[in-house]
Amino acid sequence: QVTLVESGGGLVQAGESLRLSCAASGSILSISRMSWYRQAPGKQRELVAAITRGDSTNYADSVKGRFTISRDNAKKTGYLQMNSLKSEDTAVYYCNADTIAFSGRSFGSWGQGIQVTVSS
């Protein structure tokens, strides 16, 4: 069983910053890939950013240059630094992690989601 808990969301004005955190807990030997997705009202969930255990990253074109994904393997925590926020960044943000348990099994897990609202 793996649990992901997001924090750091909230209401900000356009141009401001937020930092989301995703803390993983449970039977985790290692975390291979951590990702952030978002879903705005009436839209499909989309990938925002992802980072591998080797710190390779990729970003959606809409956030390149504004968002930075990172991770702390010792803390089993991922982060999404969001700068220069725009109203179109308003969405529920979800953390996703591919983990390997001590048993050797692999799991894909989702957090419960956290609201980010950017007012213009």
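Does Trp-110 count as buried, partly exposed or exposed, and what is its relative accessibility? With 41% relative accessibility, Trp-110 counts as partly exposed. Keep in mind that this is a predicted model. The close-ups below start with this residue and its partners.

**View 1. Tyr-94 and Trp-110 make an edge-to-face pair.** Look for two rings whose centres are 6.5 Å apart. Their planes meet at 85 degrees, and the pair is called edge-to-face because plane angles over 60 degrees get that name. Tyr-94 sits in strand β9, while Trp-110 belongs to strand β10 (residues 106-110). The two are 16 residues apart, so to speak of a link between distant parts of the chain is fair here. Tyr-94 has 15% relative accessibility and counts as buried, because the cut-off for that is under 20%.

**View 2. Tyr-37 joins in, and Arg-45 turns up too.** Ring pairs tie Tyr-37, Tyr-94 and Trp-110 together as a cluster. Across the whole structure, a search turns up two aromatic pairs. Tyr-94 also has a charged visitor: the charged end of Arg-45 sits over its ring, 3.7 Å from the centre.

**View 3. Here is the largest nonpolar core, with 29 residues.** Leu-20, Trp-36, Val-48, Phe-67, Leu-80, Met-82 and Tyr-93 are the ones with the most contacts inside this core. Many strands chip in: among those giving two or more residues are β1 (2-7), β4 (30-39), β5 (46-52) and β11 (114-119). In soluble globular proteins, nonpolar side chains tend to be buried together.

**View 4. Zoom in on Val-48 and its contacts.** Skip the neighbours within four places in sequence, and Val-48 is still in contact with Trp-36, Tyr-37, Arg-38, Asn-58, Tyr-59, Ala-60, Val-63, Phe-67, Leu-80 and Tyr-93. Tyr-37, which you met in the ring cluster, is one of these contacts.

**View 5. Four strands line up in an open sheet.** Follow the order β1-β3-β8-β7, with antiparallel pairing. β1 and β7 stand at the edges with a single partner strand each, so one side of each has no neighbour in the sheet. From one strand to the next, the twist averages 15 degrees.

**View 6. Between β3 and β8, find Arg-19.** These two strands pair in the antiparallel sense over six bridges. Arg-19 has Gln-81 in β8 as its bridge partner. Arg-19 also lies over the face of Tyr-79, at 4.0 Å from the ring centre.

How values were computed
Residues numbered from 1 in each chain as written. Predicted model: local features only at pLDDT ≥ 70, side-chain atom pairs only at ≥ 80, totals over all residues. Heavy atoms only, no water. Core = buried A, V, L, I, M, F, W, Y, C linked by side-chain atoms within 4.5 Å. Buried < 20%, exposed > 50% of the residue type's maximum accessible area, 1.4 Å probe, protein only. Contact = heavy atoms within 4.5 Å. Pairing = 2+ DSSP bridges. Axes fitted to C-alpha atoms, helices over the stretch in contact; angles between N-to-C directions. Phe/Tyr/Trp six-rings, centres within 6.5 Å; stacked < 30°, edge-to-face > 60°. Lys NZ or Arg CZ within 6 Å of the ring centre and 35° of its normal.
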